[in-house]
Amino acid sequence: MTFDVVGVGASCLDHVCRVPVFPVAGGALSKVRLRSESRRCGGQTATALATCQSFGLRAKYVGVVGDDDDGARICDELAGRGVETSDVARHPGRLTATATILIDDTGDRIVLWHRDAALAFDPARLPRAALSSARLVHVDDVDEPAAIEAARIATRAGVPVTCDVDHVTGGTDALLALVSLPVFAQHVPGELTGEPDPERALRALRRRHPGTLVVTLGEDGAAALEGETYHHEPAFAVSAVDTTGAGDVFRGGFIYATLQGWPIVEALRFANASAAASCLTLGAMAGVPGLDAVRGMVRGADPTPSIARIRTDQPR
């Protein structure tokens, strides 16, 4: 089978805890009563692929889980959503990656995560035929050697590659060199360039990468540098229940828009709407919206024009 998108990267089992406020050590808020707790499936690439599948794309997940009930639950959740999971590795004797997520009444969150180093995906096990025949390959930076090799396989086959770069490591430059459409977490361009302003940072990265560069900006929406044109699309205003997974859903929405051939402004707007819709439900994968909900949000939004600046110099 040929897939629209093959994703290589992380999945995890989230322990989601609702609290009125975040605890603070050494004071009256050092103990905070839980309002609710639940266990839900998540992880960067797994959630992005669940989003792609929800929007009607054929998605395949490649990653590694432990040989435990949590790993089985993640595989069952993805398969139940229609995501192909035959190349998910089950590591014997290891526990699946987990995250404890505290969510306050504003929808903001604190994440405590753990992933056994032994859960690294072996690049030799990558499904080369699926990667080479996909319409697009998506990787994150959790298992960098596997991500780099997957991107290399795709690039050699002429397949575009998107990524979720959340941390700067010694392998980040090697990964970015193989990615067609990098999508950065908000803090990453600044860490890579020393430029705190998103536009300045993307323009500095232009000297190292010729493709369209995208950065998520949280409550400020998202931005992209296309050639020398800087686009900024504001976020959609929602009363957030849980922001967990919003960035992953953004990437799924961006992948969908990219494969539809939409202009970058429309792609950013659709991805922003996807992320906003995901914040209305508790949980990462549980918050993945349907295509109609996202289209409705885009149609119903105020027609705020995008901000685009074309410059060859650095913004002042």
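## The aromatic residues

Let us start at tryptophan 262, which is partly exposed at a relative accessible area of 29%. In this predicted model, tryptophan 262 pairs with phenylalanine 270 in an edge-to-face arrangement, with 5.3 Å from centre to centre and 80° between the planes. Phenylalanine 270 has a relative accessibility of 4% and counts as buried. Both residues belong to a cluster linked by ring pairs, together with Phe55 and Tyr256.

How many aromatic pairs does the structure hold? There are 6 of them, including a stacked pair made by phenylalanine 250 and phenylalanine 254, with 6.4 Å between centres and 5° between planes. These two phenylalanines sit 4 residues apart in helix H8 (residues 246-259), so about one helical turn separates them. Phenylalanine 250 is buried, with a relative accessible area of 2%, and phenylalanine 254 is buried as well, at 1% relative accessibility.

## Salt bridges

The model contains 17 salt bridges. One of them joins aspartate 70 to arginine 39, whose closest N and O atoms are 2.6 Å apart. Aspartate 70 belongs to helix H2 (residues 69-80) and arginine 39 to strand E3, so this bridge ties together parts that are 31 residues apart in sequence. Aspartate 70 counts as buried at 17% relative accessibility, because the cut-off for buried is under 20%. Arginine 39, at 38%, counts as partly exposed.

Another bridge connects glutamate 149 with arginine 128, and here the closest N and O atoms are 3.0 Å apart. This pair links two helices, with glutamate 149 in H4 (residues 144-156) and arginine 128 in H3 (residues 128-133), 21 residues apart. Glutamate 149 is buried at 15% relative accessibility, while arginine 128 is partly exposed at 44%. In the bridge between arginine 203 and glutamate 228, the N to O distance is 3.4 Å. Arginine 203 lies in helix H7 (residues 198-206), and glutamate 228 lies in the loop between strand E13 (222-226) and strand E14 (229-233), 25 residues away. Is arginine 203 buried or exposed? Arginine 203 counts as buried, at 4% relative accessibility, whereas its partner glutamate 228 is partly exposed at 31%. There is also a salt-bridge network, which links Asp4, Arg58 and Arg135.

## A nonpolar patch on the surface

Val21, Val24 and Leu29 make a nonpolar surface patch of about 220 Å². Within this group, valine 24 is located in the loop between strand E2 (12-18) and strand E3 (36-42). The relative accessible area of valine 24 is 47%, which makes it partly exposed.

## The chain as a whole

Stepping back, the protein chain has 10 helices and 15 strands. Its radius of gyration is 19 Å, close to the 20 Å that the globule rule gives for 316 residues, so the chain is as compact as a globular protein of that length. Along the principal axes, the C-alpha atoms fill a box of roughly 50 × 50 × 40 Å.

Of the 316 residues, 53% are buried. The accessible surface of the chain comes to about 13,600 Å², and carbon and sulfur atoms account for 51% of that area. As for contacts between residues at least 6 apart in sequence, 68% join residues at least 24 apart.

Note on methods
Residues numbered from 1 in each chain as written. Predicted model: local features only at pLDDT ≥ 70, side-chain atom pairs only at ≥ 80, totals over all residues. Heavy atoms only, no water. Patch = residues over 30% accessible without salt bridge, like charges linked within 9 Å, V, L, I, M, F, W, Y side chains within 5 Å. Areas by Shrake-Rupley, 256 points an atom, 1.4 Å probe, with all protein chains shown as cover. Salt bridge = Lys/Arg side-chain N within 4 Å of Asp/Glu carboxyl O. Buried < 20%, exposed > 50% of the residue type's maximum accessible area, 1.4 Å probe, protein only. Phe/Tyr/Trp six-rings, centres within 6.5 Å; stacked < 30°, edge-to-face > 60°. Rg over C-alpha atoms; globule rule 2.2 N^0.38 Å. Contact = heavy atoms within 4.5 Å.
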